[in-house]
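Please examine the sequence and the structure shown below before attempting the exercises. Each exercise is followed by a worked solution.

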Amino acid sequence: MTKLEFKFTNDTLFKMVFVKHPDLLKRLVALLLGIAFESITEFVITNPEMPPEALKEKFCRLDINMRVNGKRVNLEIQVVNEHDYPERSLYYWAREYSSALVKKQPYSELPEVIVISIIDFPLFDCGEYFSRYQILETNRHTLLTPKLDMRYYELGKLPEILDSEDEEQLMLAVFKAKTEEELSRLDEMEAPIVKQAIKAYRQVVVLPEFRELERLRSDARHNEASALLNAKRIGYQDAAEDFRGVITEREATIANQ
């Protein structure tokens, strides 16, 4: 087996592939929203930039924001389980929703905001790879508003035997692939969006531009990991000092009794 140097879940690769191939992104969004490709009359990527200085920053997100037929759509790859992703994704929705309000605009004109998360770790206690959340009344299960729409795709829960007619499954399997052999098998299934995605992948991974941006991004990931480790270490030290202080105070109390 030949391990891929870069998986499709690499966030630098993910963003560059889809920004450089907007037609592929449009087809993916149509699949994940469950709408016909031809029905998309408005499609705009609102954050196509990847400035090198931003990639150097810790905690930089490489999501893709779009306007699709009047809706705001946020597409995100998440590979590290930091045990707060439902809350984080809700925050992403809230930020996108609140930023859509312009001065003197009525709240009723705020757009639907859809957050789509492709996740490479277990998130929900269920067997299905797709979960969708909206605001429902708890007894009648009626929808309060369609303007909150959260969609999660857990790659680890894809079926082992893929449905060759299900383009959504096949495309998600591209994100999950770890080896050249897996990509080749998917390519042989002749799904147009999969062939287009793999071709785009192979074009981008050899670009000097991608290699340099990924180097910067890799440095940022390393710095982020070091910062988190250092914060934990400081936290442990503070806790140990507090504990030692409590013990010392208790010993003094006992000695004075």
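The exercises below treat helices, nonpolar cores and aromatic rings in turn.

The model is a predicted one, in which local features need pLDDT of at least 70 and side-chain atom pairs count only at pLDDT 80 or more, while totals for chains, interfaces and linings use all residues. Residues are numbered from 1 along each chain as its sequence is written, and side-chain values use heavy atoms, with hydrogens and water left out.

**Exercise 1.** Compare the span of helix 4 with its expected value, and determine which of its residues are buried and which are exposed on the other side.

*Solution.*
1. Helices (H or I, at least four residues) and strands (E, at least two) are DSSP runs, numbered from the N terminus.
2. The expected span of a helix is 1.5 Å times one less than its number of residues. Helix 4 (residues 85–99) has 15 residues and should therefore span 21 Å, which agrees with the 21 Å between its end C-alpha atoms.
3. A residue is buried under 20% relative accessible area, exposed over 50% and partly exposed in between (1.4 Å probe, protein chains only). The buried residues in helix 4 are Tyr85, Ser89, Tyr92, Trp93 and Glu96.
4. These residues cover an arc of only 95° around the axis, so they lie on the same side of helix 4; the arc is that of the directions from the helix axis to the C-beta atoms.
5. Glu87 and Ser98 are exposed on the other side of helix 4.
6. The cover over the buried residues of helix 4 includes strand 2 (64–68), strand 3 (71–78), strand 4 (113–119) and strand 6 (143–154), where contact means heavy atoms within 4.5 Å.

**Exercise 2.** Identify the residues with the most contacts inside the largest nonpolar core, and the helix that gives the most to this core.

*Solution.*
1. A nonpolar core is a set of buried Ala, Val, Leu, Ile, Met, Phe, Trp, Tyr and Cys residues joined through side-chain atoms within 4.5 Å.
2. The largest such core has 56 residues, and Phe18, Met66, Leu75 and Phe175 have the most contacts inside it.
3. Helix 7 (residues 192–205) gives the most to this core, contributing 8 residues.
4. A second, separate core has 11 residues, among them Trp93, Ile119, Phe124 and Leu148.
5. In helix 7, Ile193, Val194, Ala197, Ile198, Ala200, Tyr201, Val204 and Val205 are buried. Their arc around the axis is only 160°, which puts them on the same side of helix 7.
6. Pro192 and Lys199 are exposed on the other side of helix 7.

**Exercise 3.** Classify the ring pair of Phe18 and Phe175, and that of Phe124 and Tyr152.

*Solution.*
1. Rings of Phe, Tyr and Trp (its six-membered ring) pair if their centres lie within 6.5 Å; planes under 30 degrees apart count as stacked, over 60 as edge-to-face and the rest as tilted. This rule yields 15 aromatic pairs.
2. For Phe18 and Phe175, the distance is 6.2 Å centre to centre and the angle between the planes is 25°, and the pair is stacked.
3. Phe18 belongs to helix 1 (residues 11–20) and Phe175 to helix 5 (residues 167–176), 157 residues apart. Both Phe18 and Phe175 are buried.
4. The ring centres of Phe124 and Tyr152 are 5.1 Å apart and the planes are at 80°, so this pair is edge-to-face.
5. Phe124 lies in the loop between strand 4 and strand 5 (130–136) and Tyr152 in strand 6, so the pair ties together parts 28 residues apart in sequence.
6. Phe124 is buried, with a relative accessible area of 17%, and Tyr152 is buried, with 4%.
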